[in-house]
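Hi everyone, thanks for coming. I'd like to walk you through one structure today, so please have a look at the screen.

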Amino acid sequence: MTTPRGEQPHQRHTAGVDPLARLRGPDDPGCDVFLTGTVFLDIVFTGLDSVPARGTETWARGMGSSPGGVANMATALARLGLRTALAAAFGDDHYGEYCWDALETGEGIDLSRSRTVPGWHSPVTVSMAYDGERTMVSHGHEAPPPDGALPEYPPRARAAVASLVPGRHEEWVAGAARRSTRIFADVGWDDTGRWDLAGLVDLEHCEAFLPNAEEAMRYTRTSCPRAAARALARKVPLVVVTLGAEGAYAVDAATGECAEVPAIEVAALDPTGAGDVFVAGFVTGTLAGWPLADRLAFAGLTAALSVQEFGGSLSAPGWVEVAAWWNLVQDCSVQDPDALRRYAFLEALLPAPVRPWPLRRAVPTIGFRSA
């Protein structure tokens, strides 16, 4: 990764915007958001006309590589100006070295609670994007336990993001909640097919739950994602259900407020990591104290900007990209009255755009040799 002297890549993405500036004080926790999970090396092929057919060779018109897995969300949070800490295992192969450097040096993510595992190879995912969808093949093994004690885990933080797995209890979630850390949770597909809400045992510690429409309906046995959101709001204080091309719907059980924001229409190149970017945008707005509808709108915007580039973490937008989009919306030749009204709250936050939009920054290789 080539970087101009005196400037870190994450500084270019955040453009010096700190969404929590007015909230910071001398007793602040060490980080804004804590994450833990598995880091993959993602290799993404794009520009495929269709899914590869059995017994054939298919050439892709584009390719990108980047840290993936939990790194997608960590990068998205860091690029939005949040002080992000990640606890993860990294292989001691070239893939692991590349991912560590990309996250720590490239994005400014705190990896002091992460570790390099001798003799363990990095998990890898190959993703093929076509027709706005994706197909993935992954390989990896669970990292062995550490030989000695790890740094304080979890650290004191404003918020943490947990990926809930049916039937699995993560002790760190309850520990973080006891320390007044605000827990945001997402969830993946239930491979057991039971879709038992009681199996999400750590949901009781969560302030917010952000499933997609299909997940929400299956867990609540409802046929409408909005009804599913209202049912889930009886279990968790704040529920956000993503509706795909329709946008997102949220219910705040504490206030009784509901909000719905339509999606932004974009030409999608690769949806990898879009859900993680949505969560990062929503966490940012929530910690900053924005109104519910503004949080939904911002999360949807960041996710929409991300799908226009390939790669999971590499496609996550920062404030420069958001500012460039806002500048485009305000351009008299492409004015969108609805977007001008819906996103007017951004005006006081954004830096002056310094580059044209849209942008492309994903790279095709693990890294070029230095001259």
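**Walking through the sheets**

Let's begin in the middle of things: strand β9 (residues 157-164) and strand β10 (residues 182-187) run parallel and are joined by 6 bridges. Before I go on, a word on where this comes from: it is a predicted model, where local features need pLDDT of at least 70 and side-chain atom pairs count only at pLDDT 80 or more, while totals for chains, interfaces and linings use all residues. Residues are numbered from 1 along each chain as its sequence is written, and side-chain values use heavy atoms, with hydrogens and water left out.

Some vocabulary, quickly. When I say helix or strand, I mean a DSSP run, H or I with at least four residues for helices and E with at least two for strands, numbered from the N terminus. Two strands pair if DSSP finds at least two bridges between them. And as general background, strands of a sheet pair through backbone hydrogen bonds, either parallel or antiparallel.

Okay, back to β9 and β10. Which residues sit across from each other? A159 has R182 in β10 as its bridge partner, A160 has I183, and S163 stands opposite D186. On its other pairing, β9 goes with strand β1 (residues 31-36), in the parallel sense over 3 bridges, and there F34 stands opposite A160 in β9. So A160 turns up in two pairings: with I183 in β10 and with F34.

Now, is β9 buried or exposed? Here, buried means under 20% relative accessible area, exposed means over 50%, and partly exposed is in between, using a 1.4 Å probe and protein chains only. With 7 of its 8 residues buried, β9 is largely enclosed by the rest of the structure. As for β10, 5 of its 6 residues are buried, so this strand is mostly covered.

How does the chain get from β9 to β10? Helix α4 (residues 171-178) joins them in a right-handed β-α-β unit. Right-handed means that, with the strands pointing away from you, the path from the first strand over the helix to the second runs clockwise. Moving on from β10, we meet strand β11 (residues 208-209), which is parallel to β10 and joined by 2 bridges. F184 has A208 in β11 as its bridge partner.

Put those together and you get an open sheet of 8 strands with mixed pairing, in the order β4-β1-β9-β10-β11-β12-β13-β14. The edge strands, each pairing on one side only, are β4 (84-87) and β14 (258-261).

There is another open sheet, with 4 strands in the order β3-β2-β7-β8, and its pairing is mixed too. Its edges are β3 (62-69) and β8 (133-139); each has a single partner strand, so one side of each is left without a neighbour in the sheet. From one strand to the next, the twist averages 20°. Strand β2 (residues 39-46) and β3 run antiparallel, joined by 8 bridges, and D42 has S66 in β3 as its bridge partner.

Next, the helices. Axes are lines fitted to C-alpha atoms, for helices over the stretch in contact, and angles run from 0 to 180 degrees between N-to-C directions. Contact means heavy atoms within 4.5 Å. Helix α3 (residues 94-106) lies across β2, β3 and β7 (124-130), at about 80° to β3. Helix α2 lies across β2 and β3, at about 90° to β3. Over on the 8-strand sheet, α7 lies across β1, β9, β10, β12 (238-242) and β13 (248-252), at about 160° to β10.

What about α2 and α7 themselves? Helix α2 (residues 70-79) and helix α7 (residues 274-287) pack at an angle of about 40°, with axes 8 Å apart. N72, M73, A76 and L77 in α2 meet D276, V277, V279, A280 and V283 in α7. By class, that contact has 7 nonpolar, 1 polar and 1 charged residues. For the classes, Ala, Val, Leu, Ile, Met, Phe, Trp, Tyr, Cys and Pro count as nonpolar, Asp, Glu, Lys and Arg as charged, and the others, Gly among them, as polar.

Last, the whole chain: 10 helices and 14 strands, with buried residues making up 50% of its 371 residues. Thanks, happy to chat!
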